[in-house]
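Visitor: I am new to this structure and would love a close look at one part of it. Could you walk me through it slowly, and then show me what else there is to see?

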Amino acid sequence: MQWSLLRPVGLVAAALVLTTVAASAEGGKSAGPSEFLLVAQIVLLIAVGRGLGEIMQRLGQPSVIGELLAGILLGPSLFGWVWPDAQHAIFPKTPEQKAMIDGIAQFGILLLLLLTGMETDLKLVRKVGKAAIAISIAGILVPFACGFVLGEFLPDALLPNPQARLVASLFMGTALSISSVKIVAVVVREMNFMRRNVGQIIVATAVIDDTIGWIIIAVIFSLASHGTLDIASVAKAVLGTLAFLAVSFTIGRRLAFQLIRWANDTLVSTAPVITVIVLMMCAMALITHLIGVHTVLGAFVAGILVGESPILTRQIDERLRGLISSFFMPVFFGLAGLSADLTVLRDPHLLMLTGLLVVIASVGKFGGAFVGGTVGGLNTRESLALASGMNARGSTEVIIATIGLSIGVLSQNLFTMIVTMAIVTTMAMPPMLRAALAKLPMNEEERERLEREEFEKRGFVANLERPLLAVDESVNASFAAHIAGLIAGMRGLPITVLHIGKRAKEQEKESGEAESHEAVVKKAAEAVSATGDQDVRNVDVTTRVRKSGLGETIGDEAKKGFDLLVVGIDKVAATKDRFDRKIEDIAAEFEGPLAIVAAKGKHLKQPMPEALNILVPVSGSGVSKRGAEVAVALAQAGSGSLRVIYVATTRDKGAQRGASRGLSQETGILKDASDLAARYDVDITTTLRANRAPEAAILREIETTAVDLVVMGVDRIQADHLSFGGVADAVLRQAKVSVLLVSSGEVRQAPAEKA
């Protein structure tokens with residue numbers, strides 16, 4: 001363990017020596033800016049920052065502390081003190097050279113605010129809004145007042161412009177009142193408290209604090225640019241900010257979603273969505289600059305809009321976060337550490353003032369948040385946890401201090417004091433919050449909600465992001481559109497309707513079948529969202545038509561990140577044990593989960609029923625659980641009934657390990673299905689037919705009950721044609737009611753028959 005830690009230290013030391021020698025040689029060649037030095041600076045900041053960040057995380061601290069400490073170690077505080085010539089050679093103070101790395105850091109600020117906005121959960125704020133707003137107001141006013149008073153009494157020597165003390169005092173008040181939502185969220189998430197009631201309130205309060213803080217910073221920037229309290233300029237900044245926010249969260253929300261969707265579905269270049277997101281961030285940053293406030297507000301709001309887009313896939317989100325976390329964060333925070341010269345704290349006077357700043361910041365924020373929590377209805381333990389979490393300044397404080405230094409509100413010494421305060425409060429927060437949260441009991445209602453959410457994290461339907469509906473002009477297509485609309489309406493998922501019937505030119509001569517399917521999807525989805533208790537906006541439905549071969553069309557769509565394909569065409573089955581050629585062509589091009597709809601019975605006359613009476617076979621296997629989950633979702637989405645039947649298959653003997661212990665295999669599996677339905681408040685009826693062949697048991701249940709839809713979870717079987725096994729084939733062909741086959745994207749070896 002010791003060697004594993006000493007080895008990277010030795011490598012860093014060797015790199016410093018080599019870089020110093022090379023930097024000295026490079027500096028002797030030219031007095032102008034050097035690309036070599038720029039790359040060397042970036043390499044050192046990333047290597048040391050990420051390395052220390054790893055160590056900090058292992059010690060239970062946020063990685064951003066390590067990145068900030070890396071800059072402090074590489075700056076005048078340590079490296080410049082031990083070996084000043086080497087430090088000046090690698091990080092020269094020449095304006096031209098400094099401007100190169102500063103440009104990267106300034107763009108990094110915008111990307112960091114974009115990431116912060118993406119992590120801002122407005123749904124969470126709305127959910128606990130009243131308590132969070134009350135807590136946030138108290139948690140901002142008290143430390144803001146403390147910071148403002150401190151700013152008024154600061155010695156003139158600490159202010160770059162003593163005549164503009166009011167602006168500096170306002171800035172100090174904001175710096176002391178804001179919290180780091182990123183640090184708070186990371187610690188709360190690490191402790192598995194993100195979904196706890198108090199965890200949601202802590203994060204929501206931090207979000208409100210951050211949002212209010214950035215608005216205040218934007219206004220203060222306007223004040224600083226004028227040098228005095230100009231009522232006209234302040235009014236312009238405030239009104240411009242309010243107008244910008246109003247437009248952003250109305251028209252801008254919709255526009256951001258459409259831009260992301262357009263980039264994902266239309267552009268074929270590499271990472272087009274990330275390009276559009278970055279351009280959107282830059283455009284909004286420029287807009288805020290034009291209305292007289294800081295660009296960080298535009299980047300922050302852009303991040304909120306991007307994070308709320310329902311079409312932002314996890315892969316795109318992770319790529320963007322990876323770029324920011326691995327490159328821009330260590331560079332920016334490393335430069336912030338470089339700017340902080342802790343050697344000035346050898347002055348007893350400055351050290352005492354820094355300690356006073358830490359005390360005032362901590363007492364003000366802790367006291368304000370505690371009072372706010374008490375007023376907001378939290379008990380003493382919850383208020384202590386809230387106050388502990390809100391005291392972390394972290395990355396947000398460093399960004400604010402950097403802005404203050406760049407616009408001339410903070411002096412170099414005051415900047416160092418604020419960065420020191422940010423480090424101390426951030427490192428103190430995790431252990432304090434962990435200690436406070438560990439003592440909080442959990443009530444029964446909260447326990448049930450957490451169990452349901454934990455189950456949903458592993459579920460199929462709860463993790464859907466983008467369903468695709470492929471239909472023709474048939475009645476079966478209308479029924480499939482109704483099914484897809486019910487699924488999409490549960491969580492407001494954007495859905496694409498792909499018309500694969502007649503070619504586009506032929507279709508244009510008709511009365512618009514694609515639009516009719518869009519209307520069916522919308523009607524079903526909006527009916528679900530209107531009766532649900534979740535915050536679901538109108539479902540966005542986009543229609544496209546086939547303009548090339550069927551396989552090529554499906555293949556092109558499959559590249560766009562759809563995670564479920566619902567197929568509804570006129571002919572599903574062809575000859576014995578074979579699907580129609582169109583179904584096979586579709587399945588061959590789409591490797592993800594597939595749902596094939598076959599309307600029968602009354603659904604041929606009424607493809608948009610008011611209720612669905614569903615039968616779902618279960619056997620304890622993974623695919624049967626997926627079928628049960630889809631069936632429960634459909635039952636929850638509409639009125640009707642849900643019946644679960646246990647059927648035994650020869651290869652499911654080992655699949656029942658997850659059934660409830662202490663019960664027989666069959667009863668345990670049925671109880672698991674009942675528990676699943678109970679999580680979503682769906683009433684079910686269970687049936688046990690273990691002594692019959694699976695297909696016979698299912699068909700018998702159909703004949704003796706009033707079900708009108710069978711939902712089956714099935715596996716794709718490895719064969720020279722599309723196959724889901726003999727049980728699914730028998731039910732699909734012999735059942736007199738509608739059938740929905742839900743398959744995974746995996747192909748299993750034959751024989752593999754599951755119900």
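Visitor: Does L245 count as buried or exposed, and what is the relative accessibility behind that?

Guide: Happy to help! Please keep in mind that this is a predicted model. L245 counts as buried, because its relative accessibility is 15% and the cut-off for buried is under 20%. You will find L245 in helix α12, which covers residues 231–266. Another residue to look for from here is I215: 30 residues separate it from L245 along the chain, and their C-alpha atoms are 9.8 Å apart.

Now follow helix α12 to D265. The side chain of D265 forms a salt bridge with that of R544, with 3.6 Å from N to O. D265 belongs to helix α12 while R544 belongs to strand β3 (residues 541–545), so this pair ties together parts that lie 279 residues apart in sequence. D265 and R544 are both buried. The pair also has company: R254, R261, D265, R466, D540, R544, E557 and K560 are joined into one network by salt bridges that share partners. One of the links is between K560 and E557, whose closest N and O atoms are 3.1 Å apart. K560 is buried, and E557 is buried as well.

Salt bridges turn up elsewhere too, and the count for the model comes to 17. Among them is the one between the side chains of R165 and D156, at 2.4 Å from N to O. Here the two partners can be told apart by their exposure: R165 is buried, with a relative accessible area of 13%, whereas D156 is partly exposed at 47%.

From there, let us visit a pair of strands. Strand β9 spans residues 709–717, and nine of its nine residues are buried, so the strand is largely enclosed by the rest of the structure. L709, V711, G713, D715 and I717 point one way from β9, while V710, M712, V714 and R716 point the other way, and all of these are buried. Next to consider is strand β6 (residues 611–618), which pairs with β9 in the parallel sense over two bridges. To trace the pairing residue by residue, look for I614, which stands opposite L709 of β9, and then for L615, whose bridge partner in β9 is V710. Strand β6 is largely enclosed by the rest of the structure as well, because seven of its eight residues are buried.

Finally, let us turn to the surface. E552, D556, E589 and E591 gather there in a patch of negative charge. Of these, D556 sits in helix α24, residues 550–558, and D556 is partly exposed, with a relative accessible area of 36%. A patch of another kind is nonpolar: L73, L78, W81, V82 and W83 make up about 510 Å² of surface. Within this patch, W81 is found in helix α4, residues 79–82. W81 counts as exposed because its relative accessible area is 57%, and the cut-off for exposed is over 50%.

To retrace the walk, begin at buried L245 in helix α12, move on to the salt bridge of D265 with R544, pass along the parallel pairing of β6 and β9, and end at the nonpolar patch that includes W81.

Notes:
Residues are numbered from 1 along each chain as its sequence is written. This is a predicted model: local features need pLDDT of at least 70, side-chain atom pairs count only at pLDDT 80 or more; totals for chains, interfaces and linings use all residues. Side-chain values use heavy atoms; hydrogens and water are left out. Buried means under 20% relative accessible area, exposed over 50%, partly exposed in between (1.4 Å probe, protein chains only). Helices (H or I, at least four residues) and strands (E, at least two) are DSSP runs, numbered from the N terminus. Two strands pair if DSSP finds at least two bridges between them. Patches are made of residues with over 30% relative accessible area and no salt bridge: like charges are joined within 9 Å, nonpolar side chains (Val, Leu, Ile, Met, Phe, Trp, Tyr) within 5 Å. Accessible areas come from the Shrake-Rupley method with a 1.4 Å probe; for residues, only the protein chains shown count as cover. A salt bridge is a side-chain nitrogen of Lys or Arg within 4 Å of a carboxyl oxygen of Asp or Glu. Lys and Arg count as positive and Asp and Glu as negative; His and the chain ends are not counted. The place of a charge is taken as NZ of Lys, CZ of Arg, CG of Asp or CD of Glu.
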